[in-house]
Amino acid sequence: MNAPVRIKTRPSVCPHDCPSACALEVEVIDGRSIGRVRGAEDNSYTAGVICAKVARYAERIHHPDRLLHPMKRTGPKGSGQFERISWREALDLTAAAMLKAEAEFGAESVWPYYYAGTMGRVQRDGINRLRHVKKYSGFYQTICINTAWGGFMAGTGKLAGVDPREMAKSDCVVIWGTNAVATQVNVMTHAIHARKERGAKIVAIDIYMNDTMKQADMALLLRPGTDGALACAVMHVLFREGLADRAYLARYTDCPQELEAHLQSRTPEWAAAITGLNVAEIEAFARLVGTTKKTYFRLGYGFSRQRNGAANMHAALCISAVTGAWLHEGGGAFHNNGGIYHLHTGLIEGLDHYDPKVRRLEQAAIGRVLTGDAFALRNGPPVKVLVVQNTNPVNVCPEQDLVRQGFAREDLFVAVHEQFMTETAKYADVLMPATMFMEHDDFYTGGGHMHIMLGRKLIDAPGEARENHWVISELARRLGAEHRGFGMPVSAIIDETLQKSGWGTLAELEANKWIVCQPSFETAHYIKGFAYQDGKFRFKPDWEKVPYAKDGMMGPWQSMPRLPDHWAVTEAPDSAYPLKLATSPSRSFLNSTFSETPGSQKREGGPSLMMHPDDIERYGLAEGAEALVGSPRGETVLTIRRFDGLQPGVAIAEGIHPNGAHKGGKGINALTDAAQVAPFGGAPFHDNKVWVRAV
Ligand SMILES: Nc1nc2c(c(=O)[nH]1)N[C@H]1C(S)=C(S)[C@@H](COP(=O)(O)OP(=O)(O)OC[C@H]3O[C@@H](n4cnc5c(=O)[nH]c(N)nc54)[C@H](O)[C@@H]3O)O[C@H]1N2
Ligand SMILES: Nc1nc2c(c(=O)[nH]1)N[C@H]1C(S)=C(S)[C@@H](COP(=O)(O)OP(=O)(O)OC[C@H]3O[C@@H](n4cnc5c(=O)[nH]c(N)nc54)[C@H](O)[C@@H]3O)O[C@H]1N2
Ligand code: SF4
Ligand SMILES: [Mo]
C-alpha cells in the first residue's frame with residue numbers, strides 16, 4: 001500500500017496590490033506545485049479570511065499561459081508575435097538599447113516603469129536602485145494613492161490611524177468610498193464582528209449599490225464627487241445640535257470657530273441639492289455619528305478618484321475631529337498605515353545615489369509622455385526606452401488611445417518583465433518571464449493593517465521565469481551600474497533593511513512569521529496631539545506644508561477651498577456628454593490581474609455598463625445590447641445592464657477587462673483622463689462625463 005501523500009502547509013503573504021495584504025497558509029504539494037490557499041487563522045488582521053480569487057491561486061500560478069522563456073518581437077508592435085531567445089540575448093538586447101539611448105539622448109531618455117503588481121518591498125522597489133545609480137528618469141506614482149493619502153495627511157499630518165482591528169470594538173463603522181466586500185475583504189470581517197458582538201451599525205457611502213452597500217444598515221447613495229458637501233452638512237448638524245465635542249475641538253484642532261462659522265451656510269438642504277441625498281438621510285447620519293462616540297471612519301480610495309478627491313478625503317476625515325471620536329477605543333479614523341513602518345529603504349532603492357535634479361515623469365500620464373507632450377516630458381528629452389515590471393499600463397492607464405499610440409512608436413524600445421502575455425507584454429520588443437510570489441523571497445508591509453510579513457520561496461518557478469531582483473542585477477552588470485545591492489541575495493537585503501529600521505533580524509521575522517508594528521493606543525489615537533508640530537488637527541490645511549507636498553504641487557491646487565467644502569471642479573455633464581461614469585473595481589479581477597484566470601472570467605462575464613432604467617429608456621438603449629460609450633478622451637464598447645441601485649445620470653463600468661474583451665479592442669481606460677488632481681497629482685478614474693449610443 002502506498003503511504004498517503006503528506007501535504008505540507010507553509011506561510012506566505014498575498015503580494016497583490018490590496019490593502020488587506022493577507023497572511024496566507026499555502027498547501028505545498030511538492031517542489032513545483034501548490035494546492036489550496038487559506039487565510040492564516042493566527043494573524044489577527046487576516047483572521048482566516050481571504051478573497052476567492054487568491055483562495056484558488058493554483059489556477060493562476062499553474063496557468064498554462066504563464067510566460068516561460070525570454071522572447072523577442074518578430075511581428076509588428078502590439079501583434080504579440082515573438083520568437084524564443086536566451087536570457088543572455090534578452091538582457092544583452094535590453095542593455096544595448098538602454099546604453100544607446102543614454103549615449104544619444106541622455107540618461108533621462110530611459111524610463112524604468114513599474115508599479116505594485118507585487119507589493120514585495122525588494123522585488124517591487126529594487127528597480128529604483130538602477131534608476132538612481134544611472135540617473136534615469138524618475139517615476140512619480142500618480143495612479144492610485146496621491147489623492148487619498150494627501151487628503152488624509154492634510155488633516156492628521158501623518159499617514160496612520162486607529163488600529164484597524166479596533167473596528168471590532170466600534171459601535172458604528174462608516175465605510176466611506178471603498179467597496180470593501182470586493183477590494184479589501186478583511187474590513188468586513190472586523191466590521192461584521194462589531195455588528196454581531198455589539199450591535200454596531202454599519203454605514204456605507206457610495207455612488208452605487210455595490211456589495212458593500214447591500215450589507216450596510218445605512219446606505220448613503222450620493223452623486224459622484226459630492227462627498228465634501230455631505231461631510232460639510234454633517235458637521236453643520238453636529239454644531240447646530242450640540243453634538244460637536246467642543247472641549248476636544250479646543251484642545252486638538254486648529255480653527256474650530258472659523259470652521260463653525262464657515263459651515264453655517266452648508267446646511268443639509270444645501271447638501272441635498274448637491275449630493276442627491278435627502279435632508280432626512282443626512283440628518284440621520286449626522287445624529288448617528290454625533291451620538292455614537294465609538295464611530296470608526298474607514299475611508300477608502302474610491303471616493304478620492306475624482307477631480308476634487310483630495311479635498312473630499314480631507315472633508316470626510318474632518319467629521320471625526322468634530323465629534324472627538326478619536327478619544328475612544330473603537331473610534332477615530334483610518335485610511336492607510338504607511339506611516340507606521342519607518343523602513344530604511346536606502347539599500348533597496350539606492351537612495352545614496354538619489355539626485356533631485358533628475359526629472360520625474362508622471363506614471364498616469366504615460367500616454368502624454370510617450371507621445372511627446374512637452375509638459376509631460378518636463379521639457380526634457382523624449383523617452384526612448386521603457387523597462388516595465390509589475391504593471392500593465394496599456395490596459396490600466398488613462399487616455400488609452402495615447403498610451404497605445406506611444407507604445408506603437410517604432411523608435412521606442414520596450415522591455416517587459418511579466419508573468420503573462422498582457423496587453424503591455426504584447427507591445428514588448430523584449431519580453432522576459434517573471435516569477436510569482438511563491439517562487440521568490442520577499443517581505444511585505446500591510447497598508448490596511450500593522451504587520452511586516454515574510455513570504456519565502458516555496459516552489460520552483462516554471463520554465464525559465466526569473467525574479468525581478470535578478471533581472472535588475474543582470475541589467476546593472478551590463479550597464480556598468482555599481483551598487484552593492486545588485487547581486488546581493490534577497491534575504492540579505494531583507495535582513496539588513498529590517499535591522500536598519502529597528503525591526504530585528506530576518507531570522508526573528510522568519511521565526512515569528514510577522515512583526516506587529518501597531519503603535520500604542522495613545523499614538524494611534526493621537527491622544528498627545530496630531531502629527532503636526534503644534535499637535536493640532538488641520539481643518540484649514542496649508543497644502544504646501546502637508547508632508548506629501550515634498551513631492552511637488554500639482555493640478556489647480558491654488559484654487560482649492562481652504563476649509564472643507566464642496567469644490568465643484570469635477571467633470572460636469574453637459575448636453576454633449578450627459579452622464580457621469582465611474583470605472584469601479586470588480587470583485588474577481590484585481591486591476592488587470594486575474595483577468596487571465598477561468599474562475600474570475602466566469603464570474604465577471606464581459607465588460608458592461610450599469611445604467612438606471614430611466615436612462616436606458618431616455619437614450620434609446622436596451623438591456624443586453626452593445627452600446628458605444630464616449631468621453632472627451634475616446635470611445636469603447638460596453639454591454640448595457642439595467643441597474644436601479646444608482647442615481648439617474650450616473651453609470652458604472654465595473655472592472656478593468658482586457659482591452660481585447662471590448663468589441664473594437666479599446667478598453668475602459670480609453671474614456672478616462674490623466675488630468676492632474678490637485679494638490680499632489682493622481683488620476684480621476686471615477687470622474688468622467690460620457691455619452692452612450694446604441695450600435
Ligand atoms: N477585487 C478587487 N480588489 C482590489 C482591486 C480591484 O481592482 N479588484 N484593486 C486594488 C487597488 S489597486 C486598490 S487602490 C484598492 C481600491 O479599493 P477601494 O478603496 O475600494 O477604491 P475603489 O475600488 O476605487 O472604489 C471604491 C468605491 O468608491 C466608489 N466611488 C467612486 N466615486 C465615488 C465618490 O465620488 N464618492 C463615493 N462615496 N464613492 C465613490 C466606487 O463606485 C467604488 O464602489 O482595491 C484593491 N483591491
Ligand atoms: N478604469 C480604471 N483603471 C484603473 C483603476 C480603476 O479603478 N479604474 N485603478 C487604478 C489603480 S488604483 C491601480 S493601483 C492601477 C494598477 O494597475 P497595475 O499596476 O497595472 O496592476 P495590475 O493590473 O494588477 O498589473 C500588475 C501586473 O504585474 C504583474 N506582476 C505581478 N507580480 C509580478 C512580479 O513579481 N514581477 C513582475 N515582473 N511582474 C509581476 C502581473 O502579472 C500583472 O500583469 O490601475 C489603475 N487603473
Ligand atoms: S483580500 Fe486582497 S490581500 Fe487578501 S488574498 Fe485577496 S487580494 Fe490578497
Ligand atoms: Mo490602486
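**Exercise 1.** Is F594 buried or exposed?

*Solution.* The classes come first: buried means under 20% relative accessible area, exposed means over 50%, and partly exposed lies in between, with a 1.4 Å probe and protein chains only. F594 has a relative accessible area of 1%, so F594 is buried. By the same rule Y57, at 1% relative accessibility, counts as buried.

The model is predicted: local features need pLDDT of at least 70, side-chain atom pairs count only at pLDDT 80 or more, and totals for chains, interfaces and linings use all residues. Residues are numbered from 1 along each chain as its sequence is written, chains are lettered from A and ligands numbered from 1 in the order in which they are written, and side-chain values use heavy atoms, with hydrogens and water left out.

**Exercise 2.** Classify the ring pair of Y57 and F594, then place both residues.

*Solution.* Step one is the rule. A pair of aromatic rings is described by the distance of the centres and the angle of the planes. Rings of Phe, Tyr and Trp (its six-membered ring) pair if their centres lie within 6.5 Å; planes under 30 degrees apart count as stacked, over 60 as edge-to-face and the rest as tilted. The structure holds 20 such pairs.

Step two applies the rule. The ring centres of Y57 and F594 are 6.0 Å apart and the planes stand at 80 degrees, so this pair is edge-to-face.

Step three finds the places. Y57 lies in the loop between α1 (52-55) and α2 (58-61), and F594 in the loop between β20 (579-582) and α24 (598-604), so the pair ties together parts that are 537 residues apart in sequence. Here helices (H or I, at least four residues) and strands (E, at least two) are DSSP runs, numbered from the N terminus.

A second pair, W111 and Y113, is also edge-to-face, with 5.0 Å from centre to centre and 85 degrees between the planes. Both W111 and Y113 are buried.

**Exercise 3.** Describe the surroundings of ligand 3.

*Solution.* A residue is near a molecule if one of its heavy atoms lies within 4 Å of it. The residues around ligand 3 include C14, C18, C22 and C51. The shell divides into nine nonpolar residues, one polar and no charged. For this count Ala, Val, Leu, Ile, Met, Phe, Trp, Tyr, Cys and Pro are nonpolar, Asp, Glu, Lys and Arg are charged, and the others, Gly among them, are polar.

**Exercise 4.** Which arginines lie over the faces of W270 and W470?

*Solution.* The test asks for NZ of Lys or CZ of Arg within 6 Å of the ring centre and within 35 degrees of the ring normal. R266 lies over the face of W270, at 5.8 Å from the ring centre. R466 lies over the face of W470, at 4.1 Å from the ring centre.

**Exercise 5.** Find backbone exceptions at N379, F594 and P679.

*Solution.* Most residues other than glycine have a negative phi, and most peptide bonds are trans. N379 has a positive phi, near 55 degrees, and F594 has one of about 75 degrees. N379 is exposed, with a relative accessible area of 69%. A cis peptide bond joins A678 and P679, with omega about 0 degrees. P679 lies in the loop between β24 (650-652) and β25 (688-694).
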